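Got the structure open in your viewer? Here's a short tour of what to select and what you'll find there.

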Amino acid sequence: MIIPLVPVGTALLFPATTSLMSRQTDPAELGTTMGVAQTFAGLARVVAPLLATTLFQRLGHGWPFYVAGGFVALVGIMTFQVDVQPRAAKRAAEGAGA
């Protein structure tokens, strides 16, 4: 019942995160940023199921969810460390300072 919603969530999440990364990245480094993001996404698609299976088998059925929740909480905390100044505002500030 819930499984069909996973592709919908993925289809909504990935374009939004790609758009946010492209807005915050220097145009000269855009390809590098997108490549690194895709590399980590691919690694996560391989490592996460292996880790979750190991946790499920060795520690119990709830542990994959606890660890995933911990990762989400950690990333949520890390988002507050990101400077959210848009690229246009950065250019204006650099132009005014020069």
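We'll go from one helix pair to another and finish in a pocket. Keep in mind as you click around that this is a predicted model.

**Stop one: α1 and α2**

Start by selecting residues 5–24, which is α1, and then add residues 30–59, which is α2. These two helices pack at an angle of about 145 degrees, and their axes are 10 Å apart. The crossing of α1 past α2 is right-handed.

Now turn on side chains. On the α1 side, show Phe14, Thr18, Met21 and Ser22; they meet Leu30, Met34, Ala37 and Arg45 of α2. Colour this contact by residue type and you get five nonpolar, two polar and one charged.

**Stop two: α2 and α3**

Keep α2 on screen and select residues 63–79, which is α3. What angle do the axes of α2 and α3 cross at? Roughly 135 degrees, and they come within 8 Å. An angle like that falls outside the parallel, antiparallel and perpendicular ranges, so α2 counts as oblique to α3.

For the contact itself, pick Leu51, Ala52, Leu55, Phe56 and Leu59 from α2, then Trp63, Pro64, Val67 and Phe71 from α3. How do these residues divide by type? Nine are nonpolar, with no polar and no charged ones in this contact.

**Stop three: the largest pocket**

Clear the side chains and bring up a surface. The largest pocket holds about 1600 Å³ of space. To centre your view on it, select Leu13, Phe14, Ala41, Ala44 and Val75, which are the closest to its centre among the 35 lining residues. Phe14 should look familiar, as it was also part of the contact of α1 with α2.

Which elements give two or more residues to the lining? They are α1, α2 and α3, and the largest share, 14 residues, comes from α2. Try one last colouring by type: the lining divides into 25 nonpolar, seven polar and three charged residues.

Terms used
Residues numbered from 1 in each chain as written. Predicted model: local features only at pLDDT ≥ 70, side-chain atom pairs only at ≥ 80, totals over all residues. Heavy atoms only, no water. Axes fitted to C-alpha atoms, helices over the stretch in contact; angles between N-to-C directions. Helix = DSSP H or I, 4+ residues; strand = E, 2+ residues; numbered from the N terminus. Parallel < 35°, antiparallel > 145°, perpendicular 65-115°, else oblique. Contact = heavy atoms within 4.5 Å. Nonpolar A, V, L, I, M, F, W, Y, C, P; charged D, E, K, R; others polar. 1 Å grid on protein atoms, 1.4 Å probe; cavity = no way out; pocket = protein on both sides within 12 Å on 5 of 7 lines; lining within 4 Å. Points joined across faces, edges and corners; volume = space filled by probe spheres on them. Left-handed = near helix turned anticlockwise from the far one by under 90°.
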